[in-house]
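Please examine the sequence and the three-dimensional structure shown below before reading on.

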Amino acid sequence: MDEVKLERVKDPQGATQTLMVSGGVTICEARDFRDALLATLEDAPEVRVDVSALTGIDLTGLQLLCSAHQSALRRGKTLHIFDGGNTTFREAATGAGFQRQTGCPQDRACSCIWVGGES
């Protein structure tokens, strides 16, 4: 798996911040990924996590994305995932059972990042 790269990009208005994630995210990179997600959530009301350049992700990385979404909801913020059709990401999420038809009980805003997957 390629080395993970995490880059934060602010939109000119500052309302949205994108966390660009490339390379592989595994338990070995969990601390850096978690810190980047939290810092991005802290800085903007709307967060976009771009995983279109991911080359691999394990269960830890997927759980961190889910946890970041729940943290965003608790803070009154939004978090979106942009995968750009990345089959590696989609297959990992589906294989781990994250793709679903309805959000979890904490998803009162109906914004679950995993809804819309396999039927």
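The following paragraphs go through the sheet, then the helices that accompany it.

The coordinates come from a predicted model. At its centre of discussion stands an open sheet of 4 strands, arranged in the order β1-β2-β3-β4 with mixed pairing. Two of these strands, β1 (residues 5–10) and β4 (residues 78–82), are the edge strands, and each pairs on one side only. From one strand to the next, the twist averages 20°.

The sheet may be followed from the β1 side. Strands β1 and β2 run antiparallel and are joined by 6 bridges. Within this pairing, K5 stands opposite S22 in β2. The two strands form a hairpin with 5 residues between them, and in the turn G14 has a positive phi of about 85°.

Strand β2 also contains T16. Is T16 buried or exposed? T16 counts as buried because its relative accessibility is 18%, and the cut-off for a buried residue is under 20%. Leaving aside residues up to four places away in sequence, T16 touches V9, K10, D11, A44, E46 and R48.

At the other edge of the sheet, the pairing takes the parallel sense: β3 (residues 46–57) and β4 are connected over 5 bridges. E46, which is among the residues that T16 touches, stands opposite T78 in β4.

Helix α2, spanning residues 59–74, packs on the sheet and touches β2 (residues 16–25), β3 and β4. The direction of α2 makes about 150° with that of β4. Helix α3, spanning residues 87–95, lies across β3 and β4 and runs at about 95° to β3.

Attention now turns to helix α1. This helix comprises residues 30–43, 14 residues in total, and reaches 20 Å from its first C-alpha to its last, which is close to the 20 Å expected at 1.5 Å a residue. Which residues of α1 are buried? They are A30, F33, A36, L37, T40 and L41. These residues lie on the same side of α1 because they cover an arc of only 135° around the axis. On the other side of the helix, R31 and E42 are exposed. The partners against which the buried residues of α1 pack are β1, β2, β3, β4 and α2.

Helix α3 can be described in a similar order. Its buried residues are F89, A92 and A93. Since they cover an arc of only 95° around the axis, they are placed on the same side of α3. The face turned away from this buried side carries the exposed residues T87, E91 and G95. The buried residues of α3 are covered by elements including β3, β4 and α2. Helix α2 therefore appears in two settings: the buried residues of α1 pack against it, and α2 is also part of what covers the buried residues of α3.

The two ends of α3 remain to be considered. What caps the N-terminal end of α3? The cap is N86, with a side-chain oxygen that lies 2.8 Å from the backbone nitrogen of T88. Just after the helix, G97 takes a positive phi of about 85°.

Conventions:
Residues numbered from 1 in each chain as written. Predicted model: local features only at pLDDT ≥ 70, side-chain atom pairs only at ≥ 80, totals over all residues. Heavy atoms only, no water. Pairing = 2+ DSSP bridges. Axes fitted to C-alpha atoms, helices over the stretch in contact; angles between N-to-C directions. Contact = heavy atoms within 4.5 Å. Buried < 20%, exposed > 50% of the residue type's maximum accessible area, 1.4 Å probe, protein only. Expected span 1.5 Å × (residues − 1). Arc of directions from axis to C-beta. Polar contact = N/O pair within 3.5 Å; in protein donor to acceptor, adjacent residues only side chain to side chain.
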